[in-house]
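Here is a short note for a colleague who has not yet looked at this structure. The points are numbered so that each can be checked on its own.

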Amino acid sequence: MARNYNKRTEKDYGILRKIFYKLFVLLVAYPVTYLMYNIKIYGKENVPKSSRVIYTANHVSYIDPPVLSMAVDKFVAYMAKQELFGEETGSVLRYLVHTLGAFAVNREKPELATFKTVKAIFNTSWSLGIFPQGKIVHEPVISDIHKGFIMFAKKFKADIVPVGLKGFDGYAKKLFEKHLTVTIGTPISYELTEDEILKEWARQICEYTGFENRIESSLEVK
């Protein structure tokens, strides 16, 4: 029987997964990002004490999830496109992504299991991680954004923390070759309107990355 990668319960985020997650961050994420990407992290004071938070970043590479996790120093379960759990991904990567707590989602039509999984996550000490662009985007522009993160924020009364990832221009192949900057932004209240949340998220991300902000113009066209 095929494994269901979009269904998780509170038991899936217990002590064993936390240990694996923490070891991965300490033994893999830290050495790689500091020794190969010269990472600089700003805004740690903006990380909420509560775990009922949705961390949301621009998406520039496959290393974004571990980079974000290391920067905020929290247990974060990522919502990932269901294609990432397909056979073409490879068993090792698929196992690693799943074991670190990520779960699959149909970006075009979220299923009931997705909402149940998010609810389960917020019933634990884990936070939710979402990349609102829905895919890796190399152009320095913030434009087409999936609004699912706003829907989840409002439904589960979880504030949104924007995280700007800046400087990625390719994967490092040797020590100290690249330079990454991570800026953790000011939490955005779920009580704001959908448009206000979207505008503020885009504003902060563009401020931290230098990307072009096309969100306001797209909202004006509506």
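1. Which side chain meets that of K147 in a salt bridge? The partner is E194, with N and O 3.2 Å apart. Before going further, please note that this is a predicted model. K147 sits in the loop between β6 (141-142) and α5, and E194 belongs to helix α6, so the salt bridge ties together parts that are 47 residues apart in sequence. K147 has a relative accessibility of 30% and counts as partly exposed. E194 is likewise partly exposed, at 37%.

2. E194 also has a place in the packing of two helices. Helix α5 covers residues 148-155 and helix α6 covers residues 194-209. Their axes lie 10 Å apart, and the angle between them is about 120°. That angle makes α5 oblique to α6, because values of 65 to 115 degrees would count as roughly perpendicular and those over 145 as roughly antiparallel. The crossing of α5 past α6 is right-handed.

3. Which residues make this contact? From α5 come F149, I150 and K154. From α6 come E194, I197, L198 and W201. By class, the residues where α5 meets α6 are five nonpolar and two charged, with no polar ones. E194 therefore appears both in the salt bridge with K147, which joins a loop to helix α6, and among the α6 residues of this contact.

4. A second pair of packed helices is worth a look. Helix α3 covers residues 91-99, and its axis comes within 10 Å of that of α1. The two axes cross at roughly 115°, and α1 and α3 are therefore roughly perpendicular to each other. On the α1 side the contact is made by R17, F20 and F24. On the α3 side L96, H98 and T99 take part. The residues joining α1 and α3 divide into three nonpolar, two polar and one charged.

5. How many salt bridges does the structure hold? The count is six. One of them pairs D73 with K22, with 3.1 Å between the closest N and O atoms. D73 is in the loop between α2 (64-72) and β3 (76-81), while K22 is in helix α1 (residues 15-36), so this pair links parts that are 51 residues apart in sequence. D73 is partly exposed, with a relative accessible area of 40%. K22 is partly exposed too, at 34%.

6. Another salt bridge joins E212 and R214, where the closest N and O atoms are 3.1 Å apart. E212 has a relative accessible area of 40%, which means that this residue is partly exposed. R214, with 39%, is partly exposed as well. In addition, salt bridges link E200, R203 and E207 in a network.

7. Two backbone values deserve checking. N38 is not a glycine, yet its phi is positive, near 45°. N38 is located in the loop between α1 and β1 (40-42). Is N38 buried or exposed? With a relative accessibility of 18%, N38 counts as buried, because the cut-off for buried is under 20%.

8. The other value belongs to F176, which is not a glycine either and has a positive phi of about 55°. F176 is found in the loop between β7 (159-166) and β8 (181-184). Its relative accessible area is 46%, so F176 is partly exposed.

9. The last point concerns F122, a residue of helix α4 (residues 112-122). F122 has a relative accessibility of 7% and counts as buried. What does F122 touch, leaving aside residues up to four places away in sequence? The contacts are S51, R52, V53, I54, L128, F156 and A158. Between F122 and P31 the C-alpha to C-alpha distance is 29 Å, and the two are 91 residues apart in sequence.

Notes: Residues are numbered from 1 along each chain as its sequence is written. This is a predicted model: local features need pLDDT of at least 70, side-chain atom pairs count only at pLDDT 80 or more; totals for chains, interfaces and linings use all residues. Side-chain values use heavy atoms; hydrogens and water are left out. Axes are lines fitted to C-alpha atoms, for helices over the stretch in contact, and angles run from 0 to 180 degrees between N-to-C directions. Helices (H or I, at least four residues) and strands (E, at least two) are DSSP runs, numbered from the N terminus. Angles under 35 degrees count as roughly parallel, over 145 as roughly antiparallel, 65 to 115 as roughly perpendicular and the rest as oblique. A crossing is left-handed if the near helix is turned anticlockwise from the far one by less than a right angle, and right-handed if clockwise. Contact means heavy atoms within 4.5 Å. Ala, Val, Leu, Ile, Met, Phe, Trp, Tyr, Cys and Pro count as nonpolar, Asp, Glu, Lys and Arg as charged, and the others, Gly among them, as polar. A salt bridge is a side-chain nitrogen of Lys or Arg within 4 Å of a carboxyl oxygen of Asp or Glu. Buried means under 20% relative accessible area, exposed over 50%, partly exposed in between (1.4 Å probe, protein chains only).
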